[in-house]
Amino acid sequence: MSRLTVYRVEHPATGRGPFSSSCPEALRDAISAYCGRTGAFLPEVHVDCPGFEPGYHYCGVWPLSKVNEWFGPFREQLLAEGFVLMAYDPLPTNVCSSPSEHQVGFAKYEATPRRQLPWPKAG
């Protein structure tokens, strides 16, 4: 069965992303404002992925270029706060895609292999 690689920025100590309490509030608010200004879907809502179940699914993006669309201007700050870029290969049956194509929900604990990647700079 074919797998899709999903990319996710998260804190390795908690497994939570930048839109969680793992991220300093001022940085989280700046990222949210940036996403809103650029017309990107605000990921706090998660209803963009039909079938998304909080606590079971986690959000990520594909292709890799989407990571910097969302978080590129905040890359250095996120790295300084300990966030890393992770790649997951969920089974297609464990992925729910968003109609906006901004993100995907996936069953994080059923996605293998999980690996940390170097986070390339935008451009």
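These legends go with four close-up views of a predicted model. Residues count from 1 along each chain as its sequence is written, and side-chain values rest on heavy atoms, with hydrogens and water left out. Local features need pLDDT of at least 70 and side-chain atom pairs count only at pLDDT 80 or more, while totals for chains, interfaces and linings use all residues.

**View 1. The largest nonpolar core.** Here are 17 residues of the core, meaning buried Ala, Val, Leu, Ile, Met, Phe, Trp, Tyr and Cys joined through side-chain atoms within 4.5 Å (buried is under 20% relative accessible area, 1.4 Å probe, protein chains only). Val9, Ile31, Val67, Phe71, Leu78 and Trp119 have the most contacts inside it. Strand 1 (6-10), helix 1 (25-37), helix 2 (65-71) and strand 3 (84-88) each chip in at least two residues, with helix 1 giving the most, 4. Helices (H or I, at least four residues) and strands (E, at least two) are DSSP runs, numbered from the N terminus.

**View 2. Around Trp119.** Skipping neighbours within four places in sequence, Trp119 is in contact (heavy atoms within 4.5 Å) with Val9, Val67, Asn68, Phe71, Arg75, Leu78, Leu79 and Leu85.

**View 3. Another core.** Apart from the largest core sits another one, of 9 residues, including Val6, Val84, Met86 and Ala111.

**View 4. The open sheet.** Its 3 strands run in the order 1-3-6, with antiparallel pairing (two strands pair if DSSP finds at least two bridges between them). Strand 1 and strand 6 (114-117) are the edges, each pairing on one side only. Strands 1 and 3 share 5 bridges, and Tyr7 has Ala87 of strand 3 as its bridge partner.

Conventions
Buried means under 20% relative accessible area, exposed over 50%, partly exposed in between (1.4 Å probe, protein chains only).
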